[in-house]
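Colleague: Got a minute to walk me through this one? I'd like the overall picture, then the side-chain contacts.
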Amino acid sequence: MAYQTISPATGEVLRTFAEISDQDLDATLTRAHECFSNDWRHRSIADRARVVSAAAAKLRENAEEYAQYLTLEMGKLINESRGEVALSADILDYYADRAAHYLKPQVITEAPDCVVETHPLGVIFGVEPWNFPYYQLARVVGPQLMVGNVVIVKHASNVPQSALAFARLFDEIDAPAGIYSNVFANFDQVGRLIDDFRVRGVTVTGSERAGAAVAERAGRALKKSVMELGGSDPFIVLEDAPLETTLDNAVWGRMNNTGQSCVAAKRFIVVGKQRGEAFLDGLVKRMGELKAGDPNDPLSRLGPVSSESAMRGLLKQIEVAKNAGARVALGGGRANRPGFYVEATVLTDIDENNPIYLQELFGPVACFYVVKDEEEAIKLANATPFGLGGSVFTGDVERGKRVAERIESGMTFVNQPTWTAPHLPFGGIKNSGYGRELSELGFGEFVNRKLISVSPVGSPPPSVSQAG
Ligand code: NAP
């Protein structure tokens, strides 16, 4: 595995970076651990907040430069890159502001002399993906630094300049050395880091394959882990949903980040034959208008996918789907230009024996289904190994909530596709993983909820029924 910038828009190899040596990896871990033990964990919340907010300010100050790295390395449309930079800075600021509230000791009502305090654990190790190269890091770093943990990240090998740029935020604000470290590690080194006693928690955002490998290793080393893995989110359209705004949401939900979002709407499930036909016509028309273009051009509507292997993998899935009986209602091939472009694609007639019925399609490909009623829609929505996000569109919000409650997912939205914000918990169930990032739930994943019980001086021993 090489850490390389390869332009997805042209296929050109632009820069290659050396992997970290074992010696430097150990020095990085030592520095991180010392920073945690001797400095960062002892700082006041206000002091930590100053550092995290300064990193956010630095990101905003250099927003355009930072946006360019994303577009260069993973082909994100430039306006979306700008949006990701802004969101990442907001996340850092949000946790700098909220930490004091989250860290308040909790008094136990039945025993006012007992409190639960929240303490950091130590070095948290993140294995992160390329699809939102700063947002994924901010999701870990904002909460973890504010808890008092320090962070080491192995980023995806195709976004090395974005990884270095994020690490630079902390160098440029004179943050204590070791609160945040980027390592260009190989998989053996990832394993060794997980095994090292100084690493106290592991978080992965990525595929089931990466999640299973890391979770297994973390389990053997008795480390807590959080897994943010793939998804195949349903987008349910009930018969009473308004067509036009639902279609607007469908295209946003599927095509944002060129379809390479874990919570993209991937399976469109429409109730009713007639409504299904009208919806499919609208979806094909709107997605067909998204023509491939240079991701640096703000007028481009469809960027490349992130890599040659991502493109080939997606085209293969489409081919297998076709051979198993799926119909291509739109696109289905490589766009006619250099780089790793896949046409905006809509697939229909997918039955349960088709391999893609159970697969995630990570790119600009929508799977379309028609069902007869709400019950069938819920059944199909849940017929997946994944359980990340999902959405329900309806003219009746109460009905939407009832359906949303029955979707097997970590997040379900009524009348909008799944989206993210600093204050909303993010994560899934089933093969989409476990644990949460963001919100108070994410903030509390790598902490010691520590009981302090105080009894008066000279107290007698506890009674026999109080022995643990
Ligand atoms: P990926 O191949 O799993 O890569 C993610 C990260 O894991 C990269 O840093 C990768 O390193 C590393 N990795 C892969 N295999 C590993 C192993 N055996 N041991 C240690 N590290 C390993 O995932 P991807 O294809 O880049 O990303 C797309 C997937 O991520 C999709 O399934 C998507 O839905 C999911 N995702 C989930 C969320 C969420 O929040 N739930 C968010 C975004 C993406 P290299 O780059 O060096 O291979």
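Modeller: Sure. One definition before the size check: the radius of gyration is taken over C-alpha atoms, and the globule rule is 2.2 Å times the number of residues to the power 0.38. Keep in mind that this is a predicted model.

Colleague: OK, what radius of gyration does the chain have, and what would a compact globule have?

Modeller: The chain has 24 Å, and a compact globule with 468 residues would be near 23 Å, so the two agree. Along the principal axes, the C-alpha trace spans about 80 × 55 × 40 Å.

Colleague: How many of the residues count as buried?

Modeller: 54% of the 468 residues do.

Colleague: And how many helices and strands?

Modeller: The chain has 14 helices and 20 strands.

Colleague: Let's go to the rings. How many aromatic pairs does a search of the whole structure find?

Modeller: The search turns up 21 aromatic pairs. One of them is tyrosine 94 with tyrosine 95, an edge-to-face pair at 5.0 Å centre to centre and 75 degrees between the planes. Tyrosine 95 also pairs with phenylalanine 443, with the ring centres 6.4 Å apart.

Colleague: Stacked or edge-to-face, that one with phenylalanine 443, and why?

Modeller: Stacked, because the planes are at 15 degrees and anything under 30 degrees counts as stacked.

Colleague: Where do those two residues sit in the chain?

Modeller: Tyrosine 95 is in helix H4, residues 78-102, and phenylalanine 443 is in helix H14, residues 439-443. They are 348 residues apart, so this pair links distant parts of the chain.

Colleague: Is tyrosine 95 buried or exposed?

Modeller: Buried, because its relative accessibility is 0% and the cut-off for buried is under 20%. Phenylalanine 443 is buried as well.

Colleague: Which residues do ring pairs link into a cluster?

Modeller: Tyr66, Tyr69, Tyr134, Phe166, Phe170 and Tyr180.

Colleague: Which charged residues lie over a ring face?

Modeller: Arginine 139 lies over the face of phenylalanine 426, 4.4 Å from the ring centre. Lysine 224 lies over the face of phenylalanine 446, and there the figure is 6.0 Å.

Colleague: Switching to charge pairs. How many salt bridges does the whole-structure search find?

Modeller: It finds 31 salt bridges. Aspartate 22 and arginine 192 form one, with the closest N and O atoms 2.6 Å apart. That pair links distant parts of the chain, since aspartate 22 is in helix H1 (residues 22-38) and arginine 192 is in helix H7 (residues 187-195), 170 residues apart.

Colleague: How accessible are aspartate 22 and arginine 192?

Modeller: Both are partly exposed: aspartate 22 has a relative accessible area of 47%, and arginine 192 has 39%.

Colleague: What does glutamate 64 form a salt bridge with?

Modeller: With arginine 82, the closest N and O atoms being 2.9 Å apart. Glutamate 64 is in helix H3 (residues 63-74) and arginine 82 is in helix H4, 18 residues apart. Glutamate 64 counts as partly exposed at 35% relative accessibility, and arginine 82 counts as partly exposed at 34%.

Colleague: And what about glutamate 308, which residue does that one bridge to?

Modeller: Arginine 312, with the closest N and O atoms 2.9 Å apart. These two are four residues apart in helix H11 (residues 308-323), so about one helical turn separates them. Glutamate 308 is partly exposed, with a relative accessible area of 37%, and arginine 312 counts as partly exposed at 46%.

Colleague: Which residues do shared partners join into one network?

Modeller: Salt bridges that share partners join Asp39, Arg43, Asp47 and Arg50.

Colleague: Last topic, the open sheet. What is the order of its strands?

Modeller: Three strands form it, in the order E3-E4-E20, and the pairing is antiparallel. The edge strands are E3 (106-108) and E20 (447-453), each pairing on one side only. From one strand to the next, the twist averages 30 degrees.

Colleague: Over how many bridges do E3 and E4 pair?

Modeller: Over three bridges, in the antiparallel sense, with E4 covering residues 111-120. Isoleucine 108 stands opposite alanine 111 in E4.

Conventions:
Residues numbered from 1 in each chain as written. Predicted model: local features only at pLDDT ≥ 70, side-chain atom pairs only at ≥ 80, totals over all residues. Heavy atoms only, no water. Phe/Tyr/Trp six-rings, centres within 6.5 Å; stacked < 30°, edge-to-face > 60°. Buried < 20%, exposed > 50% of the residue type's maximum accessible area, 1.4 Å probe, protein only. Lys NZ or Arg CZ within 6 Å of the ring centre and 35° of its normal. Salt bridge = Lys/Arg side-chain N within 4 Å of Asp/Glu carboxyl O. Pairing = 2+ DSSP bridges. Axes fitted to C-alpha atoms, helices over the stretch in contact; angles between N-to-C directions.
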